[in-house]
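This report introduces one structure to a reader who is new to it, looking at an enclosed space and then at two backbone positions.

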Amino acid sequence: MQIKECIVSAPGKAILHGEHAVVHGKVALAVSLNLRTYLRLQATSTSKVCINLPNINTFLSWDVAVLKQLLPDSGAELGNVNELDAELVRMLRNFVGVSNGTLDTRSMAILAFLYIYLCVFAKSRELPSLTVSVWSELPTGAGLGSSAAYSVCLAAAMLSASGTIPSPLSDQENTARWGEVEMELINRWAFQGERIIHGNPSGVDNAVGTWGGILRYRSGKITALSRVPMLRILLTNTKVPRSTKVLVAGVKDKMNKFPSIINPVLESVDAVSCTCEQTLTEMASDTPTPEHYNVLEELIDINQHHLNVIGVGHTTLDTLCQVTLARGLHSKLTGAGGGGCGITLLRPETECSVIQNTIQDLKDCGYDCWETRIGAAGVQQHSPLAVKEQVLEVLARY
């Protein structure tokens, strides 16, 4: 391996506007969250490959010699970054003991790890001994891009360790980002990890994890907003499980039943996304004004009503909106709806006491709640000095 140790991180994601409408060709705005996944890769001399995932209580290791047997005969190509190797995925499923119907978080995380590890190091024909430890501030299964942040971290660390991409850190820096070419490669490998985990992902989550900031998505085309304001939010997890597939199907059924009603609603959601994009662009170009925040709050309220109309609301999300509005704050669901998570905009002048009391109110409802920011940086490499003490403490245990 080219390096002895590598620490990287990538952000989670939320949908600001455009949920469900994006499935039908409308604009969605995806934003990075300043809740991150951290990965530490260490070279070892143990002749083993180890993966430690304390968030999901998973600690595994394999002999390098055994993993080498999964590589194709010399000369055969492995690891085309533009195409998932179905035969390798099949072999890994058999190797790990995962049936085709298995979709649990633990199994998918292991498969993504082994796939990226084997593909990135295959060309050298020498699989290295290493230990990878991952810890995340993001809850799993909440629609906040935790799997994408994991895949982005895996891709960045493996590509760096193999020497495929150089370290962006200089002697004077503790945190740094790669250039556009390197990030494009990271994103493409992370997308393969997402395909293993989710089957047919849009590519939005891994793009947010790679580039950060705010991305505009429409009909498969992803465009980054060139300048974005950093906005403070509360992120609330109602902890109510939901099925994205079922919710998407429900919206489709409503469209078929009431096309003259639902189609205009989706057009209005599209207009909300575009108006929000314009407002955010203005805020990044000039000094944000109270009027800008007034517009953002109105758009949040309007879109939340839209989402209730198309049938993806939930009583817990209604409670979130009522609790925060009682404190003068505005909220909407983010993601699939039907439970899951919501976001609440915080204005610059919002008093700390209001924020803390709102967080406590939501916790009293049985929800988890964090104060964070949107528009955070994408994938980064860190020196140990730059990593939060509690994160480094967790990663150092393994």
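## Cavity lining and positive phi values

By class, the lining of the largest cavity holds 9 nonpolar, 2 polar and no charged residues, where Ala, Val, Leu, Ile, Met, Phe, Trp, Tyr, Cys and Pro count as nonpolar, Asp, Glu, Lys and Arg as charged, and the others, Gly among them, as polar. This is a predicted model, in which local features need pLDDT of at least 70 and side-chain atom pairs count only at pLDDT 80 or more, while totals for chains, interfaces and linings use all residues. Residues are numbered from 1 along each chain as its sequence is written, and side-chain values use heavy atoms, with hydrogens and water left out.

The structure has 1 cavity of 30 Å³ or more, a cavity being a set of points, on a 1 Å grid over the protein atoms alone, where a 1.4 Å probe fits but cannot get out, with lining residues having an atom within 4 Å of a point. The largest cavity takes in about 80 Å³ of space, and its lining includes Leu16, His17, Cys276 and Thr344. β11 contributes the most to this lining, with 3 residues; strands are DSSP runs (E, at least two) numbered from the N terminus, and helices are such runs of H or I with at least four residues.

Most residues other than glycine have a negative phi. Two residues with positive values are listed below, with exposed meaning over 50% relative accessible area, buried under 20%, and partly exposed in between (1.4 Å probe, protein chains only).

| Residue | Phi | Loop | Relative accessibility |
|---|---|---|---|
| Asn57 | near 55° | between β3 (48-53) and β4 (58-63) | 62%, exposed |
| Lys239 | near 65° | between β9 and α7 (244-257) | 46%, partly exposed |

How values were computed: On a 1 Å grid over the protein atoms alone, a cavity is a set of points where a 1.4 Å probe fits but cannot get out, and a pocket is an open set with protein on both sides within 12 Å along at least five of seven lines; lining residues have an atom within 4 Å of a point. Grid points are joined across faces, edges and corners, and a volume is the space filled by probe spheres set on the points.
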